[in-house]
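This report looks at the empty space inside and along the surface of one protein model. Please keep the sequence and the structure in view while reading.

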Amino acid sequence: MGTRIRVMDLEVDLLTRETLQAEFNAYLGSDYLNTVHMISLDYIDTYDKNELVKQVLKEADMVLPGEKAILSAHHVEVLETGGMVVDYHSLLDVLKVLGEEGKTFYLVNRSEKEARVIYRYMARRFPKENILGVFAVDSGVAEESLINDINTKLPDIILLSMDSTQQEEWLANNKIRLNAKLCLAAGSVMPLIVRENVPVPGWLKKIHLDGLYRNVARLPYSHSFRKRIFNRKMDDYNTKKKWRG
């Protein structure tokens, strides 16, 4: 069973991994594209300032927490112990099961750098033949070519990462044109995934500093640091709410 919680003005779905897998299987058996958004702290500001983003999330089939920090007011450690989906790691565990069952993916990324990191990340967890295509927005390839390639290769799942609000505009304009079953919109979470999986230069590995390099790279997205940011955002939100009456 799942429930919805409010994170400031955003409604977020909380489900167990088993329930999420059942929901995804239902989406993948449908005749149209279902949209699921993974959101981070960075998404909260975008949501607050943009009506299109609000509308796209309102129409989404599901909105999931992409990082633990946004659940800081809801005893995230207890939720995680209870098997709830609390961040992108939980979601990718579910996707891994779907990949093992033969489901296919198409990766749409904001940059070639991001595309390389995410492809390597996915290829370590899924059969490479299940990744049907990789597209980088900054590659200069026309959007129409992307739509045609997706519709030719017919992936089950599109993993979408663009800058806000480009991501929401792209979904609003192209959702009905896409021959896929499920679109995971992860633009605000992808920088976190990239930071946590940054490739380590070979010379640092040789001198055994790869662990330190990864830790430094992850620091701006560490849970403790992001939790402090969330608490400041929550304080600002409560103050504004109080003044609004």
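## The enclosed space

Which residues line the largest cavity? In this predicted model, the lining of the largest cavity is made up of Met 38, Leu 92, Ile 118, Tyr 121, Met 122, Leu 159, Met 190 and Ile 193. Two elements give two or more residues each to this lining, namely helix H6, which spans 112–125, and helix H9, which spans 190–196. Of the elements involved, H6 provides the largest share, with three residues.

The count of cavities of 30 Å³ or more comes to one, and the space within the largest cavity is about 40 Å³. In character, the lining of the largest cavity divides into eight nonpolar residues, with no polar and no charged ones.

## The open pocket

What is the volume of the largest pocket? The largest pocket has a volume of about 250 Å³, and its lining consists of 13 residues, among which Met 8, Asp 45, Asp 48, Tyr 237 and Lys 240 are those that lie nearest its centre. The elements that contribute two or more residues to the lining of the largest pocket are helix H2, covering 41–49, and helix H12, covering 223–244.

How do the residues of this lining divide into nonpolar, polar and charged? The lining of the largest pocket holds five nonpolar residues and eight charged ones, with no polar residues.

## The two linings side by side

Taken together, the lining of the largest cavity has eight nonpolar residues and no charged ones, whereas the lining of the largest pocket has eight charged residues beside five nonpolar ones.

Conventions:
Residues are numbered from 1 along each chain as its sequence is written. This is a predicted model: local features need pLDDT of at least 70, side-chain atom pairs count only at pLDDT 80 or more; totals for chains, interfaces and linings use all residues. Side-chain values use heavy atoms; hydrogens and water are left out. On a 1 Å grid over the protein atoms alone, a cavity is a set of points where a 1.4 Å probe fits but cannot get out, and a pocket is an open set with protein on both sides within 12 Å along at least five of seven lines; lining residues have an atom within 4 Å of a point. Grid points are joined across faces, edges and corners, and a volume is the space filled by probe spheres set on the points. Helices (H or I, at least four residues) and strands (E, at least two) are DSSP runs, numbered from the N terminus. Ala, Val, Leu, Ile, Met, Phe, Trp, Tyr, Cys and Pro count as nonpolar, Asp, Glu, Lys and Arg as charged, and the others, Gly among them, as polar.
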